[in-house]
Amino acid sequence: MSHSEASSRAEAFEHWIRTSFVQMNTELEDLYFARNNRGEVTGCGDTIKAALRDEGHTFVAALLAEGNTGDGFESGFGVLGSVGMYLGALRRHELTNPLREERSPFPEASSLALHVGASLGMAPRFSTAHLATYNRARAGVRKSFTSLRDEFLFIDENTRGILSLQRAADALTSIVHLGVSSPVADVMFDTAKQALRDVIRFNDRLMGQLDVERFFYSVRPYYKPYRVGRQEYRGANAGDFSGINEIDLLLGLCRANDPYYAQLLVDKMLFMLPSDQARLRDCMTRTSLLDELLELLDAHHDSDWFQQNARAYLEVCDLFGQSAAQHHNGLVRRFIEAPAANLKDQDLQGITASGPPLPVLLRALEILRDLRQAADRRDIVTRHDDLARLRSAVRPIASRP
Ligand code: HEM
């Protein structure tokens, strides 16, 4: 088997994912959305569902028989995305459901996903990078489950948000190397601030333009957990990239030795690209900018460099806290919590990407928000008091006469 034949099978699968697969999912979504109960998926569109399952199976079987995990990282990652999106759609259309099964009813797709996932060092399912930062557009069209406007809006704004958070993380990383007392840190603090202002702007846009019902009923369900082989894997979410945690750790708002936060890092490791996994591991060994500043505070708080850099650091924290509050109090409340409030218990099962019941997930997300805002909470360890100490050492900017 030559490399080009191997990659042509992967390419045929991806072409199908980018064309017929999208059409079938979109037709099914329109059928569900027209029903009295939009959450009811069974008992309609059975011919389309069977075609989706069987057509996809042909590509999967050919790739599995070939036993090739791809022609380098990109092609393996591409196959993982295709088979993962196929399984994600089967889950969405209730052709599989982890609650009623002990193992995936799709053994070939499972084997293919496990083989490629293990060879790449990633979870055997599609991940955020497949639909966001590594979603390669062809003549302007990116991979997606459907061609619904709201799905494109969601993945595009997510991707812009992720790219901006990565930019902020890159800027903060360069300050680690310069040292927080360096006069040169100013440009990097500025870059981080600008990037976080962009995150806030994209979140605002998503908030204003995304249709609540379409998102809830026709987009979000593709992100449910599903089984690969025997094990259930949680869904992808926009947080599965290292940049956000690099910011947490470098600013010092979250700590890698906090049991709650460390667990979260471990859980998300395999949902990230190997390059992101390496960045995150590296970041876990660094001293945070906050700890560096506090160390210098007593001896140097009067110096110009301390005043300038501590002020810039605090401004970055404020913007980061605002973006975290916006995610939770805005996006999560409007697009998940509010529509979920109208559902019956049974329909609530499996609506979150990670799987825990909604109230449990919301509490966990609240903790993250509060850590990032350095909120004044005494039941968890936040950096509230440390930030207050730093703030009180920074002089107000003198107003011009
Ligand atoms: C309609 C828009 C959005 C909604 C409803 C939403 C909702 C959620 C939910 C419910 C989770 C928890 C994961 C789970 O279900 O188990 C989550 C995680 C996360 N989301 Fe979003 N999200 C949205 C957009 C975004 C955007 C644009 C970003 C920025 C790039 C983002 C960043 C994150 C991060 C970083 C996490 C991981 C947890 C954390 O570290 O905070 N989300 N999101």
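These are legends for a set of views of a predicted model, starting with the whole protein and moving in to single sites.

**Figure 1. The whole protein, with 17 helices and two strands.** The radius of gyration comes out at 23 Å, close to the 21 Å that the globule rule gives for 401 residues, so the protein is as compact as a globular protein of that length. Along its principal axes, the C-alpha trace spans about 75 × 50 × 40 Å. Buried residues make up 53% of the 401. If you count contacts with a separation of 6 or more, 76% of them come from residues 24 or more positions apart. On the outside, the protein exposes about 18000 Å², and carbon and sulfur atoms supply 52% of that area.

**Figure 2. The iron atom of the ligand and its protein donor, H327.** What does the protein offer the iron here? Just the one donor: NE2 of H327, sitting at 2.1 Å, is the only protein donor of this iron atom. As for where that histidine comes from, H327 belongs to helix α14, which covers residues 304-340.

**Figure 3. D198 and its two arginine partners, R167 and R201.** Start with R167: its side chain meets that of D198 in a salt bridge, 2.8 Å from N to O. R167 lies in helix α7 and D198 in helix α8 (residues 185-209), so this pair ties together parts that are 31 residues apart in sequence. Now look at R201, which also forms a salt bridge with D198, with the closest N and O atoms 3.0 Å apart. This second pair stays inside helix α8, where D198 and R201 are three residues apart, about one turn of the helix. Is D198 buried or exposed? D198 is buried, with a relative accessible area of 11%. R167 counts as partly exposed at 33% relative accessibility, and R201 is partly exposed too, at 44%.

**Figure 4. The salt bridge between R100 and E94.** These two side chains meet at 3.6 Å, N to O. R100 is exposed, with a relative accessible area of 52%. The pair is one of the salt bridges in view; a search of the whole structure finds 36.

**Figure 5. K143, a buried lysine with no salt bridge.** K143 lies in the loop between α6 (128-131) and α7 (149-178). Which side chain of opposite charge is nearest to K143? That would be E14, 4.0 Å away, yet K143 has no salt bridge. E14 does have charged company elsewhere, as E11, E14, R18 and R138 are linked in a network of salt bridges. Leaving out residues up to four places away in sequence, K143 touches E14, I17, R18, M85, H130, L131, N135 and I155. So two members of that network, E14 and R18, are among the residues K143 touches.

**Figure 6. E29 and the residues around it.** E29 sits in helix α2, residues 20-33. How buried or exposed is this glutamate, E29? E29 is buried, with a relative accessible area of 1%. Setting aside residues up to four places away in sequence, E29 touches R92, H93, T146, L148, R214, Y217, S218 and Y222.

Methods. Residues numbered from 1 in each chain as written. Predicted model: local features only at pLDDT ≥ 70, side-chain atom pairs only at ≥ 80, totals over all residues. Heavy atoms only, no water. Donors = N, O, S within 2.8 Å, 3.2 Å for Na, K, Ca; no water. Helix = DSSP H or I, 4+ residues; strand = E, 2+ residues; numbered from the N terminus. Buried < 20%, exposed > 50% of the residue type's maximum accessible area, 1.4 Å probe, protein only. Lys, Arg positive; Asp, Glu negative; His and termini not counted. Contact = heavy atoms within 4.5 Å. Rg over C-alpha atoms; globule rule 2.2 N^0.38 Å. Areas by Shrake-Rupley, 256 points an atom, 1.4 Å probe, with all protein chains shown as cover.
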